Amino acid sequence: MTFFLDIWNSILEFKEHDWAQNVIVLSLFSAFLWLSWRLIVTRLHRIAAKTKLPWDDAVISAISSPITLVIWLWPASTSLKIILSNHTHLNTSWIITLQIFILVWSFIWSALRLTTLVEKQVLLNPKYDETTILAVGKVIRLIFISLGILSLMQGMGLSLSGLLTFGGVGGLVVGLAAKDLLSNFFGGMMIYFDRPFKVGDWIRSPDRSLEGTVESIGWRMTIIRTFDKRPLYVPNSVFSSIVVENPSRMLNRRIKEDIGIRYKDIHSIALIVDDVKAMLIAHNDIDSNQTLIVNFNGFGPSSLDLLVYTFTKTVNWIEYHHVKQDVLIKIGNIITQHDAEIAFPTQTLKVEQLPIN
């Protein structure tokens, strides 16, 4: 990078007596480069629009603004160096560091913009998992930022070996001081790797008062939207110490009902059981490949109890209740067809007449 700076300065070969002319030339040169770059970008966008690949549009959009930044700020910093050198006795070596910072920041900015644009394009494809894509995007951003910071430090003349040595000792101190922060960070990494849930899943925990839909998974915390629409911010380290249930990944939803029939209808129990079972097997929304039980289950305090145990094909909460409603109505109709009735709790009081003296 310093080699590039030396070439730039040797090409200009500024002289003290024509500093104003040099500044004007640099300004005009920047304007010319900017206009040329705008024409090139416009042309590239037109070419990219004719292709079916989305990546070329992403690359052009990612580098457009950062290169514009370099076109204006690099000559501007050189002009500033000329002015300071001719009118002050200040040390202008820091301008070289500023120019290095401009280059490094432009690179980081381009990389971050490209990562974001590619991430958005990939997320448009439903076959890719959103949580995985977001996790990969965060890791790539972290890598680019780390490389940029290291490049900037090296350009400033700092020894990377010394920094790494200091980082080893300092990392221990920071790790002890930020134990909770690091535990949340690694907790987030475990969520990304183990994938007990992803964005959009409905999760709950029997260990905590925690239930809702996952909105985002960050490096430090996970945001869950409860069913009453309140945001719940959960540190990632919590998930390493609790049991998490993910109902979104269930294969079926269960219908389990105990239905009471009057004792006087005991002669119809067998027929009712057979008809209910046949109805469930023929039902389009009931998964007959799963466990299906319809049996007379026992003598209750005021009813003959039937056990209905089956699974729906849908796992959608709203559709499940529609199916369950349809099943219960059909069971009620079957009971009525056999001149039977659903029992309700009753008590029989026997009143004895006391002898009259």
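**Strands, spans and pockets in a predicted model**

Q: What joins strand 6 to strand 7 in this predicted model?
A: A hairpin does, and four residues make the connection between strand 6 and strand 7.

Q: How do you know that strand 6 and strand 7 are paired?
A: Count the bridges. Six of them link strand 6 (residues 293–299) to strand 7 (residues 304–312), and the two strands run antiparallel. Two strands pair if there are at least two bridges between them, so strands 6 and 7 qualify. If you want to see some partners in the structure, V294 bridges to V308 in strand 7, and N295 sits opposite L307.

Q: What makes strand 5 and strand 6 edge strands?
A: Look at the strand order first: this open sheet of three strands runs 5-7-6, with antiparallel pairing. Strand 5 (253–261) and strand 6 each pair on one side only, and that puts them at the edges. From one strand to the next, the twist averages 20 degrees.

Q: Which strands are the edges of the open sheet with order 1-2-3-4?
A: This sheet has four strands, paired antiparallel. Its edges are strand 1 (202–205) and strand 4 (231–235), each pairing on one side only. Here the twist averages 45 degrees from one strand to the next.

Q: How do you know that strand 2 and strand 3 pair?
A: Bridges again. Four of them connect strand 2 (residues 210–217) with strand 3 (residues 221–225), and the strands run antiparallel. The cut-off is at least two bridges, so strands 2 and 3 count as paired. One partnership to look up is V214 with I224 in strand 3.

Q: Where does UniProt place the feature "transmembrane region"?
A: The unreviewed entry lists residues 20–41, 53–74, 94–112, 133–152 and 158–178. That label comes from the record, and such annotations may be inferred rather than shown by experiment.

Q: What is the chain doing over residues 94–112 and 133–152, helix or strand?
A: Residues 94–112 are 100% helix and 0% strand, with the end C-alpha atoms 26 Å apart. Residues 133–152 are also 100% helix and 0% strand, and their end C-alpha atoms lie 29 Å apart.

Q: Which residues line the largest pocket?
A: They are G200, W202, T213, F227, P247, S248, R253, V315, N316 and W317. The pocket's volume is about 220 Å³. Domain 2 (194–248) and domain 3 (251–338) each contribute at least three residues to this lining.

Q: Why is G200 in the largest pocket's lining called polar?
A: Gly is counted among the polar residues, so G200 goes in that class. Overall, the lining of the largest pocket has five nonpolar, four polar and one charged residues. Arg counts as charged, so R253 is in the charged class.

Q: Which helices supply the lining of the second largest pocket?
A: Helix 4 (94–123) and helix 5 (130–155) each give at least two residues. The largest share, six residues, comes from helix 4. The full lining is A111, L114, T115, V118, E119, V122, I133, V136, G137, I140 and F144, around a space of about 170 Å³.

Q: Why is E119 in that lining called charged?
A: Glu belongs to the charged class, so E119 is counted there. The tally for the second largest pocket is eight nonpolar, two polar and one charged residues. Gly counts as polar here too, so G137 falls in the polar group.

Conventions:
Residues numbered from 1 in each chain as written. Predicted model: local features only at pLDDT ≥ 70, side-chain atom pairs only at ≥ 80, totals over all residues. Heavy atoms only, no water. Axes fitted to C-alpha atoms, helices over the stretch in contact; angles between N-to-C directions. 1 Å grid on protein atoms, 1.4 Å probe; cavity = no way out; pocket = protein on both sides within 12 Å on 5 of 7 lines; lining within 4 Å. Points joined across faces, edges and corners; volume = space filled by probe spheres on them. Domains from an automatic or database assignment.
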